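Work through the exercises below with the sequence and the coordinates at hand. Each task is followed by its solution.

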Protein chains: 2
Amino acid sequence: MDTTAAPAYTIGECARRSGFTMDTLRYYERIGLIGDIARTATGQRRFSDDHLEWLGVLKCLRDTGMPVEQMHRFATLVRAGDHTVAERIALLEAHKEAVDARMDDLAAKRDYLLGKIDYYRSLP
Amino acid sequence: MDTTAAPAYTIGECARRSGFTMDTLRYYERIGLIGDIARTATGQRRFSDDHLEWLGVLKCLRDTGMPVEQMHRFATLVRAGDHTVAERIALLEAHKEAVDARMDDLAAKRDYLLGKIDYYRSLP
DNA sequence: CTAGGACCTGGAGTGGACTCCAACGCAAAC
DNA sequence: GTTTGCGTTGGAGTCCACTCCAGGTCCTAG
């Protein structure tokens with residue numbers, strides 16, 4: 001028999017570990033970004049390691065600027081099963097392109113900023 | 001005498017050249033990010049090349065994620081005259097640091113994304 | 001002269017993503 | 001066993017940065 005308890009995190013612990021606030025976690029559950037969260041007999045959420053991993057994905061997508069709606073589409077694909085893998089790749093690739101473009105733009109504007117700073121430094 | 005007319009752009013032309021919408025330009029004027037816009041006798045705005053240059057700065061700051069309120073502080077410093085140059089440098093440097101941090105974070109998350117894509121690609 | 005487009009104002013509305021609240025139940029440390 | 005604090009809900013509120021609108025004036029090409 002298995003005496004190892006599967007780790008189950010309270011929403012507070014999950015917030016601490018995932019980097020989302022408790023409110024955001026509840027919000028994400030509500031809008032369908034996180035599914036199948038276990039509950040204790042009294043109704044408290046218990047998150048699993050799988051959830052934490054998924055939240056890591058969500059955090060990555062969100063922090064790179066993916067709109068919540070697109071994350072929702074991705075979550076739907078993941079939930080739909082293996083036959084959506086090609087579509088998931090397409091979505092992630094498109095997003096990666098967007099991130100690359102954003103990084104290029106940031107780099108250019110950072111340089112402009114540096115020039116401005118240098119100019120101010122050059123003043124008498 | 002000087003027969004060269006100083007270029008004066010309508011708000012539409014200025015929008016086209018600056019990358020802001022007309023509404024945003026009016027909004028920025030209203031909240032004090034742009035000062036001293038000339039008007040025709042009938043009240044239409046006429047932007048100058050100096051404005052376009054300043055709008056370039058604003059666009060750079062905005063597109064690199066500076067909140068409007070901080071841009072406003074910067075605009076105030078610029079308007080206050082040369083004795084604020086040190087403070088302007090400090091503000092821009094702090095912002096540059098923020099941009100660098102953002103870029104590092106994006107790069108890391110982009111790699112995570114690539115890993116995810118590769119994983120999906122590796123599936124049977 | 002006239003039609004169509006560009007511009008004006010003040011103020012209201014939008015969208016996205018949370019974030020907060022009241023009023024309550026449950027947990028666990030001492 | 002009681003206090004402190006974590007968790008619950010549904011719904012309302014917030015924040016930011018615009019964005020849109022009505023109802024008007026003005027400009028310019030034909």
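**Exercise 1.** Is Ala75(B) buried or exposed? Locate the residue and list its contacts beyond the adjacent sequence.

Solution. The model is a predicted one. Start with the secondary structure: Ala75(B) belongs to helix α4 of chain B, which covers residues 68-80. Next take the relative accessible area, which is 3% for Ala75(B). The cut-off for buried is under 20%, so Ala75(B), at 3%, is buried. Then set aside the neighbours within four places in sequence; Ala75(B) is in contact with Gly32(B), Leu33(B) and Trp54(B). Finally, check a pair along the chain: Ala107(B) is 32 residues away from Ala75(B) in sequence, and their C-alpha atoms are 31 Å apart.

**Exercise 2.** Describe the contact between chain A and chain B by area, residues and polar pairs.

Solution. Begin with the area: the two chains bury about 3100 Å² between them, with 74% of it on carbon and sulfur atoms. Of the area that chain A buries against chain B, 20% is supplied by Leu106(A), Leu113(A) and Tyr120(A), more than by any other three residues. Now count residues: chain A gives 33 residues and chain B gives 33 residues.

Turn to the charged and polar pairs. There are six salt bridges between the chains; in one between Glu93(A) and Arg121(B), the closest N and O atoms are 3.2 Å apart. Polar contact links 10 residue pairs, both residues at pLDDT 80 or more.

Last, assign the chain A side to elements. Helices α3 (49-63), α4 (68-80) and α5 (85-122) of chain A each give two or more residues, and α5(A) has the largest share, 23 residues. By type, this side divides into 18 nonpolar, three polar and 12 charged residues.

Note on methods: Residues are numbered from 1 along each chain as its sequence is written. Chains are lettered from A and ligands numbered from 1 in the order in which they are written. This is a predicted model: local features need pLDDT of at least 70, side-chain atom pairs count only at pLDDT 80 or more; totals for chains, interfaces and linings use all residues. Side-chain values use heavy atoms; hydrogens and water are left out. Contact means heavy atoms within 4.5 Å. Buried area is the accessible area (1.4 Å probe) that two parts lose on being put together, summed over both. A salt bridge is a side-chain nitrogen of Lys or Arg within 4 Å of a carboxyl oxygen of Asp or Glu. A polar contact is a pair of N or O atoms within 3.5 Å; within protein, one must be able to donate a hydrogen and the other to accept it, and residues adjacent in sequence count only if both atoms are side-chain atoms. Helices (H or I, at least four residues) and strands (E, at least two) are DSSP runs, numbered from the N terminus. Ala, Val, Leu, Ile, Met, Phe, Trp, Tyr, Cys and Pro count as nonpolar, Asp, Glu, Lys and Arg as charged, and the others, Gly among them, as polar. Buried means under 20% relative accessible area, exposed over 50%, partly exposed in between (1.4 Å probe, protein chains only).
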